[in-house]
Amino acid sequence: MWLASRPFEQGARNSRMLNSVVNFRDFGGFPSRFGGCVIRNRLFRSGAVASADQTDIKRLHDLDFDTVIDLRYAGERDEEPSPWPVERLDRVLCHDGDHKAEAPHMEPLRQGLLDEQGSDRIYRELYRALPFDRHYPALFKRTFESLLTADGPILIHCSAGKDRTGMLVALIQHALGVSPDAIMANYMQSRHAPGLIAMAEPAALRLAERFGVPVNVELMRHLLDVKETYLLSFFDEIEQRCDTIDAYLATLGLDEDAQVRLRARWLTA
């Protein structure tokens, strides 16, 4: 059973902080049970980059990502396009699902029926469903294919950089031999991302105007939070359906041999 059992003392990972992109951070540097550490300054995670100002757009372009994995729904990408130049669009991986699809909490929020308990239930269901839905396993597979060949930095992002990004990053870290405690610590770091915390009030106002119903700021803060139980639900569902996380990774094309090659590329001595 996958279990984060004790606190992991994590140092700062924001080696290339972007002021206008929420939750941007390096997810390298963690020790691996196979020896060495995950390479620093090559693996990045964040929220949507559509909000980047001109200074940060230049920083993003200067990083020259080999691959960008955009985990957002198609409708989210339509609404907030990323500022990648045309000549780099072939480096962006995404799924092409229903352009009307939206986060599962949006409908009850729109109806004014969502509370914190309902939010927790929806998130746990999302974390259990996403690794087996129609679109994300194929995108996860393409991500690992890219990791096996990429020579430059990788960026993984969704809208807030905490849920869909948190799940995929956790799978990558597991494959690289990062301990459950360290994986959980990295996941929970989203709770303290300053830009994410600051999103609550303007997001509540924007949604209230859009839906014509009041949206409580505290509920919005709850929606922008992460909980250990969410990520535990993700791994629990994988183990229930596939027996082991490694067996699930094999369904994504990352068998034992591929994991060895992945570690050779992304772990330092």
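## The largest pocket

In this predicted model, the largest pocket (an open set of points on a 1 Å grid over the protein atoms alone, where a 1.4 Å probe fits, with protein on both sides within 12 Å along at least five of seven lines) has a volume of about 1000 Å³. Its lining counts residues with an atom within 4 Å of a point, and of these 35 residues the closest to the centre are E76, E80, M106, S159 and R206.

Helices α2 (74-79), α4 (116-129), α9 (200-211) and α10 (217-223) each supply at least two residues of this lining, and α9 gives the most, with five residues. Helices here are DSSP runs of H or I with at least four residues, numbered from the N terminus. By class, the lining has 19 nonpolar, six polar and ten charged residues, where Ala, Val, Leu, Ile, Met, Phe, Trp, Tyr, Cys and Pro count as nonpolar, Asp, Glu, Lys and Arg as charged, and the others, Gly among them, as polar.

## The second largest pocket

The second largest pocket holds about 210 Å³ of space. Its lining consists of 15 residues, with M17, N23, A193, P194 and G195 nearest the centre, and it divides into seven nonpolar, seven polar and one charged.

## Basis of the model

Residues are numbered from 1 along each chain as its sequence is written. Because this is a predicted model, local features need pLDDT of at least 70 and side-chain atom pairs count only at pLDDT 80 or more, while totals for chains, interfaces and linings use all residues, and side-chain values use heavy atoms, with hydrogens and water left out.

Terms used: Points joined across faces, edges and corners; volume = space filled by probe spheres on them.
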